[in-house]
Amino acid sequence: MIARYQTVLFIVLLAASVVMGGILWHLRDRAHQRLLNGEDSAPTQAPQVAPAEQATLLVASDADNSLRAQVQTLPLPQDAESRARVILGRLLDLYAAPDATHPVPGGASSVAQVFLLQAPSLAAGPGESKPADNSDGAKAPADGPLLAVVNLTPSFAANHPSGLETETLTVLSLCGTLHANLPRVTQVRFLVDGQPRATLAGHADLTRTYLATDAVPTEGSHP
Amino acid sequence: MLKYSPTTKRWLRNAFGAAALLVAASLVTAQSPAVPPVPQPPPAPPQPRFVVLLDAAHGGDDPGGKLSDQPEKAFSLALSVKLRSLLTARGIQVVTTRESDTNLDVNRRAEIANHANAQACLSLHATEAGSGVHLFTSSLPPAPASRIPAWKTAQAAWVTRSLALAGVLNSALQQAGIAVMLGRTALPEVDSMTCPAIAVEVAPDQTQGSDARTELDDPGYQARVAEALAAALLEWKTEARQP
């Protein structure tokens with residue numbers, strides 16, 4: 001025989017459990033609703049999708065030490081510097097793919113920035129540039145040759161395979177791709193983490209100014 | 001009548017005898033037909049010294065690229081030693097930038113090359129990428145020689161000769177059945193050299209159209225490359241001696 005007070009206690013506890021369950025369910029709904037409302041009211045703007053355009057990539061091949069032009073369609077921003085960065089990023093994405101003809105780890109994030117400046121004259125001699133009088137880091141005029149300064153990430157340089165052929169191909173394909181898509185780019189310099197660096201991975205000289213036109217071969221030819 | 005002492009007579013007799021001999025000799029010389037001077041062969045021009053500079057890349061704290069079984073610095077040094085022996089055996093004077101695992105600045109390498117006044121400078125490298133032997137000349141545009149060339153672009157005056165040397169090396173390597181890739185590059189030590197200079201990068205040998213691959217650590221492959229380079233330099237020496 002169950003005592004009366006035990007029956008009453010059981011009923012009270014059961015009722016309390018049901019009420020607490022209901023309250024928890026209600027709080028969960030409110031939290032979920034608040035989350036949804038918060039997302040809706042976030043001050044973000046939907047990203048604008050840039051129109052897809054064609055870009056020419058000079059893709060390196062270790063097998064025959066060549067650069068081959070490859071046309072790709074990709075969304076490109078209007079700003080020239082951002083455009084250059086996106087194009088070089090796509091090129092490095094190809095190199096980071098498992099079946100790459102010129103395997104280099106890193107991908108698109110390896111290009112930190114690309115700056116376009118007025119190109120200095122090359123009167124100082126072959127391979128060395130002499131800044132023009134008014135080229136103190138100023139932006140380039142509307143027309144005229146440009147110097148592209150490509151700032152690479154330290155991890156890209158640290159993980160780049162070491163070798164004359166592979167480093168040379170990387171440098172030349174970056175230069176050639178820039179010139180193929182931005183014909184005003186005639187000279188290219190490289191920085192790593194914002195600093196000049198002697199070589200890319202022990203071989204290719206990164207202290208010199210590269211002439212972009214030297215890196216644009218006929219299709220499939222050797223650089 | 002004069003009287004002479006016996007000593008004076010003897011002296012006079014000797015003097016007359018000597019004078020008569022001189023007169024007779026001069027007469028004979030004057031009457032004999034002119035003897036054409038024997039043409040003396042011109043002194044041989046001194047043979048120019050033929051020196052080859054071998055620069056084993058990297059070394060010391062700089063291991064270079066990572067090969068399958070050893071760092072690039074060890075391979076380049078071994079190839080330099082092997083090539084030096086072959087060239088010395090063929091009578092070619094060799095100067096090397098390093099003989100052991102030591103640190104060597106790129107400027108110091110070029111300094112050694114330029115002081116050696118070499119007729120051929122080879123910078124020796126190795127890689128696992130690609131196949132065969134890669135021959136790189138400086139990507140500097142050819143420029144006329146100047147008395148005081150700029151340090152970083154000194155090779156510009158030698159690019160034409162360097163391309164000719166690359167052609168000789170290419171022929172010899174192909175004759176040895178080794179695939180060759182020709183290219184241009186910007187390598188600081190080569191760009192500062194005032195001699196026909198080539199960067200030689202040895203990669204594993206892969207026969208086209210087959211999966212057969214000869215790795216860098218194969219002694220037979222190393223010997224084949226060294227022999228071909230030595231034969232090419234001997235050919236280059238012969239060409240350099242021709243007027």
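In the predicted model, the largest nonpolar core holds 100 residues, and the members that touch the most others are A:Ala148, B:Leu169, B:Ile198 and B:Leu229. In soluble globular proteins, nonpolar side chains tend to be buried together. For B:Ile198, the contacts beyond four places in sequence are B:Leu122, B:Leu135, B:Phe136, B:Thr137, B:Ser162, B:Leu165, B:Ala166 and B:Leu169. B:Leu169 is thus both a contact of B:Ile198 and one of the residues with the most neighbours in the core.

The sheet of chain B is open and consists of six strands in the order β2-β1-β3-β6-β4-β5, with mixed pairing. Its edges are β2 (93-96) and β5 of chain B; each has a single partner strand, so one side of each lacks a neighbour in the sheet. From one strand to the next the twist averages 25°. Within this sheet, β4(B) and β6(B) are paired in the antiparallel sense over four bridges, and B:Leu135 has B:Val200 as its bridge partner in β6(B). Two helices that lie across strands of chain B come from different chains. Helix α2 (residues 72-89) of chain B crosses β1 (51-56), β2, β3 and β6 of chain B and runs at about 145° to β3(B). Helix α4 (residues 164-181) of chain A lies across β3 (120-126), β4, β5 and β6 of chain B, at about 50° to β5(B).

The contact between the chains involves 31 residues of chain B and 22 residues of chain A. On the chain B side, at least two residues each are supplied by β4 (133-138), β5 (180-185), α5 (188-191) and β6 (197-202). The strand β5(B) gives the most, with five residues. By residue class, the side of chain B that touches chain A comprises 13 nonpolar, eleven polar and seven charged residues.

Chain A contains four helices and six strands, which follow one another from the N terminus as α-β-β-α-β-β-α-α-β-β. Of its 223 residues, 34% count as buried. Among the contacts in chain A between residues at least 6 apart in sequence, 67% join residues at least 24 apart.

Four strands of chain A form an open sheet of mixed pairing in the order β3-β4-β5-β6. The edge strands β3 (111-118) and β6 (210-211) each pair on one side only. β3(A) and strand β4 (residues 146-152) of chain A are joined in the antiparallel sense over seven bridges; in this pairing, A:Val114 stands opposite A:Val150 of β4(A). In a regular strand the side chains alternate between the two faces of the sheet. Helix α2(A) lies across β3 and β4 of chain A and runs at about 135° to β3(A). Helix α4(A) lies across β4, β5 (185-192) and β6 of chain A, at about 135° to β5(A). In addition to these strands of chain A, α4(A) lies across strands of chain B, as described above.

The strands β1 and β2 of chain A form a separate element of the description. Strand β1 (residues 52-61) and strand β2 (residues 66-75) of chain A pair in the antiparallel sense over ten bridges, and A:Val59 has A:Arg68 as its bridge partner in β2(A). The two strands form a hairpin with four residues between them, and A:Asn65 in the turn has a positive phi of about 55°.

A:Arg83 belongs to helix α2 (residues 80-96) of chain A. With 19 other C-beta atoms within 10 Å, A:Arg83 is classed as partly exposed, because the buried class begins at 20. Not counting residues up to four places away in sequence, A:Arg83 touches A:Leu76 and A:Pro77. A:Arg83 and A:Leu178 are 95 residues apart in sequence, with a C-alpha to C-alpha separation of 9.8 Å.

The average pLDDT of chain A is 84, and 82% of the residues score at least 70. Over residues 124-137 of chain A the pLDDT is below 50, although this stretch has 32 contacts in the model beyond near neighbours in sequence. Residues 217-223 of chain A also have a pLDDT below 50, with 17 contacts in the model beyond near neighbours in sequence. Where pLDDT is low, the predicted coordinates should not be read in detail.

Technical notes: Residues numbered from 1 in each chain as written. Chains lettered and ligands numbered in written order. Predicted model: local features only at pLDDT ≥ 70, side-chain atom pairs only at ≥ 80, totals over all residues. Contact = placed C-beta atoms within 7 Å. Nonpolar A, V, L, I, M, F, W, Y, C, P; charged D, E, K, R; others polar. Pairing = 2+ DSSP bridges. Buried ≥ 20, exposed ≤ 12 C-beta atoms within 10 Å, placed from the backbone. Axes fitted to C-alpha atoms, helices over the stretch in contact; angles between N-to-C directions. Core = buried A, V, L, I, M, F, W, Y, C linked by C-beta atoms within 7 Å. pLDDT = per-residue confidence, 0-100.
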